[in-house]
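Student: Could you walk me through this model and explain the words as we go?

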Amino acid sequence: SLSVEGDAIKVYVRVRPPSEVTALTDGDQGLCLSVLSSNTIRLHSKPEPKIFTFDYVANMETTQESVFSSVARNIVESCMNGYNGTIFAYGQTGSGKTFTMMGPSDSDNFTHSLRGVIPRSFEYLFFLIEREKEKAGSGKSFLCKCSFIEIYNEQIFDLLDSASAGLFLREHIKKGVFVDGAVEQVLSSAAEAYQVLTMGWRNRRVASTSMNRESSRSHAVFTITVESMEKNNDIVNIRSSMLNLVDLAGSERQKDTHTEGLRLKEAGNINRSLSCLGQVITALVDVGNGKQRHICYRDSKLTFLLRDSLGGNAKTCIIANVHPGSRCFGETLSTLNFAQRAKLIKNKAVVNEDTQGNVS
Amino acid sequence: GEARVLAVRRAVLEYELGVNHTDTEELSAGEEHLQRCTQLLEPHRLSPDCVSLYIQAQNNLGILWSERDEIKTAQTYLESAEALYNQYMKEDGNPPLDPSEHFMAEEEKLTDQERSKRFEKAYTHTLYYLAQVYQHLEMIEKAAQYCHTTLKRQLEYCGYYPVEWALNAATLSQYYLSKQCFMESRHCLAAASVIFSQAGQVPSAEDSETEQDQQDLRQRKADIARCWIKYCLNLLQSARKLLEDNIGELDPDRQMELKAQRKKEEDEKEKGRKKAVLFGTSDICDSVLAMEEKVSSVYPLDFQEAREIFLVGQNYVQEAKEFFQVDGYVTDHIEIVQDHSALFKVLAFFEEDYERRCKMHKRRIDMLEPIYADLNPQYYLLISRQLQFELADTYYEMMDLKVAIGNRLEELDSHTIKKINSLAQLAIKYYELFLDSLRNPDKVFPEELEEDVLRPAMVAKFHIARLYGKLITSDSKKQLENMQTSLEYYTFLVDYCEKYPDAVRAIETELELSKEMVSLLPTRMERLRAKLCPFI
């Protein structure tokens, strides 16, 4: 039914083809999983194989176009209808995240036939905007802006302004969560959006070499804000929504965290310093009745920024990328487990309700 | 003799190699070296030159096994380190050699004071790791106890950053709250406040205290204030639970009984206090105790006692709001306002005078309504729903109070009737807004409700049904209409539960009453209709 569809996070898994070396040396025996259907996957674990079910599983043959259609089309559409949307890419380094999201790394991705989800989303978004404009005539106008930030070690960097450092998250009662001081660039076409994205991507790589930031340890969030203004006689109707495209840190960096959901902190389950005692205590309090308590430790920057996408008023999907090689078994298992958990994240409407004394 | 010295030195080397390997994620090699280290030390592990090294080797084996996800194995190493420390302290207790000293020249060797400091630190780490191990094994109580002890030792051996320590203690207080251990909770909070105030006094090492640091400090202070708010709130709410009768009113018999019981228990409490783990040595301890005296840790049993706790809570609300302003911290700010509202709500329970009680609820409305009006539900759907529901409930409660006040009068005057009706209408308005928030983008109400909104949605429907039944009108036609609407809402509940029997569990009482009303209302309406048109 419609209501169920709206809230839960959708989880897609994509299996990349094994690299040529793996294919040649290991043959079919070298694979740790098989795709059973368009939503189930079998992991050849021992002693029993394990079956995982997701909203959609793309096998090695699935085209970029079909990944885009199943994953992103719907989200871009609801963005046009005023709802926020988020697409996460998750997976171990080398599992095909960049290929899925951006496309082949060597060429001009924006026109390449193998271009990924992001360029296709841009195209589709601006296609829809143009169509709306034609339909509504002069009565309706659009304004698109984008920002591109990186979260590394709980610090926020602006990828569109390499001179800036250490931005802060703030909230506005009408606009929600935003990065204070982040550069916002106005966009007029899909090509322009792609240009800004690639420029930011380049900055990210520069930062990772010059400032010792490892991009596999950082999250990158590209956000497009779509504002539409419609004039009907004297009434002006303004709608605004956001499309977040998130490249999460490589999942191999999280192998030690026993976190649930998307708490991606760089901490082992046992740390050598005492500094994570707070986390332990926080975990103890979580077990309690959960209502009347205050935890001094804020969510991570990423979950705070995307709180709305993680169980809020938004359409969200996660693309979990896996490598089928048997050498990646451990990583693949943890990615699939993570993806399975992500399905449980839902809009938790905790309504303070007092049941006593009202019935009589 | 010579052989023993060599064996111990080899053990130090094995230890260093082991740590080096585990640091570089070579777990198997690391394990081998660490094992060899403990084997070499085994016969001498209780002697002053080996005990510290042995404990540290076991700490590292604990870490190593936890990295392999074998928490149980990690536990055995850490618990044996803990036991060894205790045995050594009992049998010897002199400051033992630090592992780094085995290759030091005589003149470089550490002082007893330094030795003791390092040894205690290694043991503190053992306890800290055990806290994590117990947490992973879901031995929550034990984990909390080890966290508490770790904090205590950090304080004793001066191994702490005041802000961090204070936050940890404040967080621990919230654990105790969830266990209804108010004395322990207050102790943690008082210690947090005392230690935090040290942070403000000590000028930071460099003079370049940035504005960001100041900002952080102010936020941490506000965070601790929020923990205090929760403390006051929980204490009041728990007391209310103890004192209320089956319709949610203060039960005077119960009140008397509890007051008598408290008198008896006061001495026992004093004994219990000595058993609890107290923070700090004399100076700090005195400050902590002074801080504790500002608010009670026993259940308030009457309005006066409740009010004192309420006022403390309200002061912390002001303090927390100074930092968490709505511009910039929407979610936090609203949470604090919600707590403030909850403080008023629970205080109202202790208030006997209905008019004054009503005014307290009006205060809640005044703080919640403007925030709700500004809030954009596209980004704050959850909070928006919470506010809708709370506003609805508050109006509902006020209406009930006005009805009760009205019932004492000889006859309902028009002013009271107006008031009752307008409160009921406002309650309906907010319940409907809440129900509307559940609709999908095409404005359709969901066929089947999600589990997390099932109960609130059903309660909203049920309350709306009741509210229509309470609206007062002299116009019989209007009355009939209201009854009809009421019936529709009751019917929704009954039908829904028939279709989705799983829902019954969530709203048993409401369903029972709804069924009753569904069978009663049509007869009543029939009677009313007959009165309206007696000749048909």
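Tutor: Gladly! Helices (H or I, at least four residues) and strands (E, at least two) are DSSP runs, numbered from the N terminus. This is a predicted model, where local features need pLDDT of at least 70 and side-chain atom pairs count only at pLDDT 80 or more, while totals for chains, interfaces and linings use all residues. Residues are numbered from 1 along each chain as written, chains are lettered from A and ligands numbered from 1 in the order written, and side-chain values use heavy atoms, leaving out hydrogens and water.

Student: Where does Gln180(B) lie, and what is notable about its phi?

Tutor: Gln180(B) sits in the loop between α7 (162-178) and α8 (182-201) of chain B. Its phi is near 60 degrees, a positive value in a residue other than glycine. Most residues other than glycine have a negative phi, so a positive one is worth pointing out.

Student: Why is Gln180(B) called partly exposed?

Tutor: Buried means under 20% relative accessible area, exposed over 50%, and partly exposed in between (1.4 Å probe, protein chains only). Gln180(B) has 43% relative accessibility, so Gln180(B) counts as partly exposed.

Student: What about Glu154(A): buried, exposed or partly exposed?

Tutor: Glu154(A) has 33% relative accessibility and therefore counts as partly exposed. Glu154(A) lies in the loop between β7 (140-152) and β8 (155-158) of chain A, and its phi is near 65 degrees, again a positive value in a residue other than glycine.

Student: What makes the bond joining Lys46(A) and Pro47(A) a cis peptide bond?

Tutor: Look at omega, which is about 0 degrees for this bond. Pro47(A) belongs to the loop between β3 (40-43) and β4 (50-53) of chain A.

Student: How do you know that Arg220(B) and Asp223(B) meet in a salt bridge?

Tutor: A salt bridge is a side-chain nitrogen of Lys or Arg within 4 Å of a carboxyl oxygen of Asp or Glu. For Arg220(B) and Asp223(B) the N to O distance is 3.3 Å, which fits. Both lie in helix α9 (residues 211-243) of chain B, 3 residues apart, about one turn of the helix. Asp223(B) has a relative accessible area of 2%, so Asp223(B) is buried, whereas Arg220(B), at 22%, counts as partly exposed.

Student: How many salt bridges are there over all chains?

Tutor: The count comes to 44. One of them pairs Arg439(B) with Asp436(B), whose closest N and O atoms are 2.9 Å apart. Salt bridges that share partners also join Lys97(A), Glu150(A), Arg204(A) and Asp247(A) into one network.

Student: What makes a space a cavity?

Tutor: On a 1 Å grid over the protein atoms alone, a cavity is a set of points where a 1.4 Å probe fits but cannot get out, and lining residues have an atom within 4 Å of a point. The structure holds 6 cavities of 30 Å³ or more, and about 70 Å³ of space lies in the second largest. Among the residues lining the second largest cavity are Phe148(A), Trp201(A), Phe222(A) and Asp247(A). β13(A) gives the most to that lining, with 3 residues.

Student: Which classes make up the lining of the second largest cavity?

Tutor: That lining has 10 nonpolar, no polar and 1 charged residues. Here Ala, Val, Leu, Ile, Met, Phe, Trp, Tyr, Cys and Pro count as nonpolar, Asp, Glu, Lys and Arg as charged, and the others, Gly among them, as polar.

Methods
On a 1 Å grid over the protein atoms alone, a cavity is a set of points where a 1.4 Å probe fits but cannot get out, and a pocket is an open set with protein on both sides within 12 Å along at least five of seven lines; lining residues have an atom within 4 Å of a point. Grid points are joined across faces, edges and corners, and a volume is the space filled by probe spheres set on the points.
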